[in-house]
Every structure is written in structure tokens, then in C-alpha cells.
Amino acid sequence: MSEDGKDRTEEEGSAAGRKGSARLRKCNVAMLMASVVLLMMLCGLLLSRIYSLNETVDSLTAQAQKMGQVIEGQRVQLAEMKLLEEKIEELLAYKEAYEAGRPGNKDVRPGEEEDGEPEIKAAHKVYLTFDDGPSIYTQDILDILDEYGVKATFFVLGKENDSAREAMKRIVEDGHTLAMHSYTHKYADIYASVENFAEDFAKIQNYIYDVTGVTSTVYRFPGGSSNSVSPTDMSVFAEYLEEQGVRYFDWNISSGDGGSYVFPVETLLENCTSKISAYETSVILMHDSAGKKTTVEALPEIIETILDMEDTAILPITDSTELIQHRKWQEDKADKADQTDKTGRSGQSGR
Ligand code: ZN
């Protein structure tokens, strides 16, 4: 082969090689571009997927919130239904009691709450009070009061035996008023001097506190504040009680069971109930001492008769109870007599 021919062959060969590598490059570029496009498409797909997932999450969150609101609403409804159920039960119990002829204080209109205690509004307020206990009859009396759902006031003495202490505790637990009627009930001792009176007073107040944890602030003088047995002017003792922050109560209705004569049930019923409609406040004197069996027997009828009266409520004595005091009445009477003397005319007749 000539030199010339050799060169031409080499030239031809390298030209073919250049053509091949150019094609390869073109192919690579095409593949790269295809890859980029594919990648971009994948990215787009992924982005749209993320977007739709986001939307799903948002709608799920909204659904969860809505569910929460529904649950809350149902919880409120459930609570309301429970309240309604309680009210219905209360009404059913009331209906039952009413049908049994023992409606409790049906005429009582609950008024404004005062110091956490609802003030009772009734035209006639009746306070059942029991003196000289506790005795063998106190538990029976508490059972009867419980049966009719009414509260009373017990003016107790310093009786140091277990059953008396049990009765005192139950008086407090059942929501009645535990009040003082002196420790000994011995007129000659208590009324001999203010010192004697103070000593006896401290003894009964401390005794009640030791047994029940209650500091009693209600008192009834043995024999009443208008008794004729005290050698000392009763106003001295009244002032002493006032200094102690204690209010004393007498009575304006007497059952008549205080004497030694035992009245029959009918008489006690008549005595206890005949004057109530004439008074705004009736404090009825009864005794739960031994020997007062007919008082216990008359009590259910006394309560039923009072509860049947129009706009009349049976209540325990509290700090807001209107005072019924004989001594005050005597002063009023004296004042009226004074005025009559001065004017020369007769005063208006009282009750
Ligand atoms: Zn007494």
C-alpha cells in the first residue's frame, strides 16, 4: 500500500470514530433529558399527593372537632336529663307523701336565702317546742317528726345518761334545734342569784357542746320568764343571757301537758291548734319528759292538723325566729297602761 493510500484510510477511520462518539453524546443528552423530565413528573405527582393528604388531614381535624362538639353537647344533655330525673323523683316522693295524707310543709314558699339557710315565707309560722327532756319518749317524738318531715325545738336539761346523750345527738343530726332549759331545773338554786344562774347556764351550754359539738344560743327559763317563783327580778337573768349572745323564748300557746294532770289526746290537740290561725308566730309549749305519754300520742294528729292549715309552716327555732317572750309582753302592757293613764282614754285592745 502506498503512503498516500494509508493516510486516506486513517483519515476515513478517524472520521467514522468522531461520528460515532457524537452520536453517543447525543444519545446521552437525550437520556439525561428524559431522566430530568421523569424526575420532574415524579416531583409533581408527589407534590399533588402531599397536597391531597394535607386536605385529608384538614378535613379529618374538622371532623374531629365537630365530633368533640357533638360529644360535649350530649354530655350537657345527659347532665340536664339527670337533673330532670332527680326533679321527677322528688315530685314522685312529694306525690306519695301527699297521697299518704302527710304532705310536709306543703304551703311553704321558699324565699330568699339568708346565710345559706332558705328563709321560709308563710303567713303562719308554728314552732313545736319540747321541754324537760330528753326522756324515754324523745326517740318516739323524733320518729314522728321524721315521719312527717318537720323540724322542732328541744329545750333540754343536763341529763347525764347514755340514752339522753344519744337523743341529744339525734336531735342535732335530724336537723332540729337543740336549746337550753337549764342544767338542773331547780328554781331555788338557779334563781337565787345571777352567779348561781350563770353557773347553771355555763354547765348546760358546755354539756350540750361536749355531747354534740353544738354551741346552743337559744334558752327557755324554767317556769318561763314570767314565773312567780324567782326571788330575783327575772330581768337580771334576761340581761345576762343577752350579754352571752343568747335569745330566750317563752310560748304563746300551751298544750297544757305541763301540770301533773294528764290531758287526753283530744284536749292536747285542741289546745295546740285552736289559736294558730290568729297568730303570725306560734310557739307551742309541750313536754317530752317521762309521764307525758299522751303528748306523744297526740303529736301525729297535732302535726297533721297544722299541716292542713292554709299558708302555715312548722319550723325549728333559729336566729331569725321572731321572739316570743312573756316579759316583753308585760312591758308592752305596762306601756299601754301608762299611755292610757296619760291620755285618760282606753288603749286599743291587743290580742
Ligand atoms: Zn321545764
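Let's start with a small detail: just after helix H6, Gly 245 takes a positive phi of about 75°. Helix H6 itself covers residues 234-243, and its buried residues include Met 234, Ser 235, Phe 237, Ala 238, Tyr 240 and Leu 241. Before I go on, please keep in mind that this is a predicted model.

Glycine isn't alone in taking that kind of backbone angle here. Asp 311 has a positive phi of about 50°, although it is not a glycine. You'll find Asp 311 in the loop between helix H8, residues 293-307, and strand S10, residues 312-314. Asp 311 counts as partly exposed, because its relative accessibility is 23%. His 185 is another non-glycine with a positive phi, this time of about 65°. That histidine sits in the loop between S5 and H4, and we'll meet His 185 again at the metal.

So, on to the metal. Which residues coordinate the zinc ion? Asp 132 does so through OD, while His 181 and His 185 each use NE2, and the distances are 2.1 to 2.2 Å. If you like to read sites as sequence patterns, the donors are spaced D-x48-H-x3-H. Asp 132 belongs to strand S3 and His 181 to the loop between S5 and helix H4, residues 187-190, so this pair ties together parts that are 49 residues apart in sequence. Are Asp 132 and His 181 buried or exposed? Both of them are buried.

While we're at the end of S3, have a look at the next peptide bond. The bond from Gly 133 to Pro 134 is cis, with omega near -5°. Pro 134 is part of the loop between S3 and H2.

Now let's walk through the strands around there. Strand S3, residues 124-133, runs parallel to S4, and four bridges join them. One of the pairings puts Thr 129 with Thr 153 of S4 as its bridge partner. Between these strands comes helix H2, residues 138-148, and S3, H2 and S4 together make a right-handed β-α-β unit. From S4 the chain then crosses through helix H3, residues 162-173, to S5, and this β-α-β crossover is right-handed as well.

S4 and S5, residues 177-180, also pair in the parallel sense, over four bridges. Thr 153 stands opposite Thr 177 in S5, and Val 156 has Met 180 as its bridge partner in S5.

What about the side chains? In a regular strand they alternate between the two faces of the sheet. In S4, residues 153-156, Thr 153 and Phe 155 are on one side and Phe 154 and Val 156 on the other, and all are buried, which leaves both faces covered. S5 tells a similar story: Thr 177 and Ala 179 point one way, Leu 178 and Met 180 the other way, and all are buried.

Let's move to charges. Side chains of opposite charge can pair when their charged atoms come close. The structure holds seven salt bridges, and I'll pick a few. In one of them, Asp 162 meets Arg 165 at 3.1 Å, N to O. These two are three residues apart in helix H3, so about one helical turn separates them. Asp 162 counts as exposed because its relative accessibility is 56%, whereas Arg 165, at 26%, is partly exposed.

Over in helix H8, Glu 297 and Lys 293 meet in a salt bridge at 3.0 Å, N to O. They lie four residues apart, about one turn of the helix. Both are partly exposed, Glu 297 with a relative accessible area of 41% and Lys 293 at 47% relative accessibility. There is also a network, in which salt bridges that share partners join Asp 143, Arg 170 and Asp 174. Within that network, the side chains of Asp 174 and Arg 170 come to 2.9 Å, N to O. Arg 170 is buried, with a relative accessible area of 17%.

Two last stops. Leu 32, Val 36 and Met 40 make a nonpolar surface patch of about 330 Å². Met 40 belongs to helix H1, residues 3-99, and at 59% relative accessibility it counts as exposed. Finally, Gly 258 and Met 286 are 28 residues apart in sequence, and their C-alpha atoms are 7.2 Å apart in space. Gly 258 lies in the loop between strand S8, residues 253-254, and helix H7, residues 265-273, and is partly exposed at 48%. Thanks, everyone!

How values were computed: Residues are numbered from 1 along each chain as its sequence is written. This is a predicted model: local features need pLDDT of at least 70, side-chain atom pairs count only at pLDDT 80 or more; totals for chains, interfaces and linings use all residues. Side-chain values use heavy atoms; hydrogens and water are left out. Buried means under 20% relative accessible area, exposed over 50%, partly exposed in between (1.4 Å probe, protein chains only). Two strands pair if DSSP finds at least two bridges between them. A crossover is right-handed if, with the strands pointing away from the viewer, the path from the first strand over the helix to the second runs clockwise. Patches are made of residues with over 30% relative accessible area and no salt bridge: like charges are joined within 9 Å, nonpolar side chains (Val, Leu, Ile, Met, Phe, Trp, Tyr) within 5 Å. Accessible areas come from the Shrake-Rupley method with a 1.4 Å probe; for residues, only the protein chains shown count as cover. A salt bridge is a side-chain nitrogen of Lys or Arg within 4 Å of a carboxyl oxygen of Asp or Glu. Donors are N, O and S atoms within 2.8 Å of the metal (3.2 Å for Na, K and Ca); water is not among the atoms, so sites may look incomplete.
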